[in-house]
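Me: I am new to this structure and would like a close look at one part of it, followed by how the rest is arranged around that part. Which strand would you start from, and what does it pair with?

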Amino acid sequence: MKFNALTGMVLAFVGLVGAAGYLLVREPAPKAAVVSEQAGKPVAGADFAKPGTQPAAAPAAKPRDERFVIKRVLPITGPIKYGEWHWDEKGAPADGPLVMTVDLDARVLSVFRGGYEIGATAVLLGTQEKPTPLGKFPVIWKKADHYSSIYDGAPMPFTHRLTNDGIAIHGTKVEKGYASHGCIGVPNDFGRKLFAVSKLGDVVYITKGKRIGKGDSLVEG
């Protein structure tokens, strides 16, 4: 069979097109090859989460211990005068945790049980040279009939020791013009009542000018 020149050119063109199609089917696309080389690696995209972009979950709020929330304060009118004290356990739980607070500015010690104020008194405090310390102190030692081993055997009845260097709550004559060597002096009759209800480990918070009232926590802030 004979072919003229035009027919030969057409057949050659068809052959080239078929070969190119075959190569396109056989050869992987360059883009596909790049993706294949990065297999197993994270690929950033519009919906790809970047590290650090997720907001951290807020910590759960710690529930308040209602045993330490103030539910009642004694109905005392006006500032407590030197030598004055108040005590009323009626309505207070018999077995609630006992907390004592001392405000150095008001010069007042308060006693709370289960969030109910059961006692309050004016107190003697330390001098500028030997100040009453601020902070949180547990009762580490108690003695009803105690005498000072530092200050010439001075009587310190109903002692509640708060520190190893001798700072304590104890009974004394609470009068204007008197001061202590850093201890918290309370009227003897008040000290007797406090001694009867307190125990080792009860906490005393000594602050300066902090005001708390009903609804506030005795142990927070």
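Reply: Two strands are said to pair if DSSP finds at least two bridges between them, and the strands themselves are DSSP runs of E with at least two residues, just as helices are runs of H or I with at least four, both numbered from the N terminus. Residues are numbered from 1 along each chain as its sequence is written, and the side-chain values use heavy atoms, with hydrogens and water left out. The model is predicted, so local features need pLDDT of at least 70 and side-chain atom pairs count only at pLDDT 80 or more, while totals for chains, interfaces and linings use all residues.

The strand I would start from is β10, which covers residues 203-207 and pairs with β2, residues 98-103, in the parallel sense over five bridges. Within that pairing, V99 has V203 of β10 as its bridge partner, and V102 stands opposite I206 of the same strand, β10. β10 is also joined to β5 by four bridges, but here the two strands run antiparallel, and K136 has Y205 in β10 as its bridge partner. Four of the five residues of β10 are buried, so the strand is mostly covered; buried here means under 20% relative accessible area, whereas exposed means over 50% and partly exposed lies in between, with a 1.4 Å probe and protein chains only.

These pairings belong to an open sheet of six strands, which follow one another in the order β1-β4-β3-β2-β10-β5 with mixed pairing. The edges are formed by β1 (85-87) and β5 (135-138), each of which has a single partner strand, so one side of each is left without a neighbour in the sheet. On average, neighbouring strands of this sheet are turned by 20° against each other, direction ignored; such angles lie between lines fitted to C-alpha atoms, for helices over the stretch in contact, and run from 0 to 180 degrees between N-to-C directions. Across β1, β2, β3 (108-113) and β4 (116-122) lies helix α3, residues 188-197, which runs at about 35° to β1, contact being heavy atoms within 4.5 Å.

The strand we started from also helps to line a pocket, since β2, β3, β4 and β10 each supply at least two residues of the lining of the largest one. That lining comprises 28 residues, of which T101, V108, S110, E117 and I212 lie nearest the centre of the pocket, and the volume is about 660 Å³. On a 1 Å grid over the protein atoms alone, a pocket is an open set of points with protein on both sides within 12 Å along at least five of seven lines, whereas a cavity is a set where a 1.4 Å probe fits but cannot get out, and lining residues have an atom within 4 Å of a point. Grid points are joined across faces, edges and corners, and the volume is the space filled by probe spheres set on them.

In the loop between β2 and β3 is R107, whose phi is near 60°, a positive value in a residue other than glycine. With a relative accessible area of 27%, R107 is partly exposed.

Helix α3 connects this picture with another open sheet, for it also lies across β6, β7, β8 and β9, running at about 100° to β9. Those four strands stand in the order β6-β7-β8-β9, again with mixed pairing, and β6 (141-143) and β9 are at the edges, each with a single partner strand, so one side of each has no neighbour in the sheet. Inside this sheet, β7 (residues 159-161) and β8 pair in the antiparallel sense over two bridges, with R161 opposite A168 in β8.

Two loop residues complete the view of this region. D152 is found in the loop between β6 and β7 and is exposed, with a relative accessible area of 80%. K176 has its place in the loop between β8 (168-172) and β9 (184-187) and counts as exposed at 72% relative accessibility; K176 and G83 are 93 residues apart in sequence but 8.7 Å apart in space, C-alpha to C-alpha.

Taken as a whole, the protein chain has three helices and 10 strands, and buried residues make up 33% of its 221 residues.
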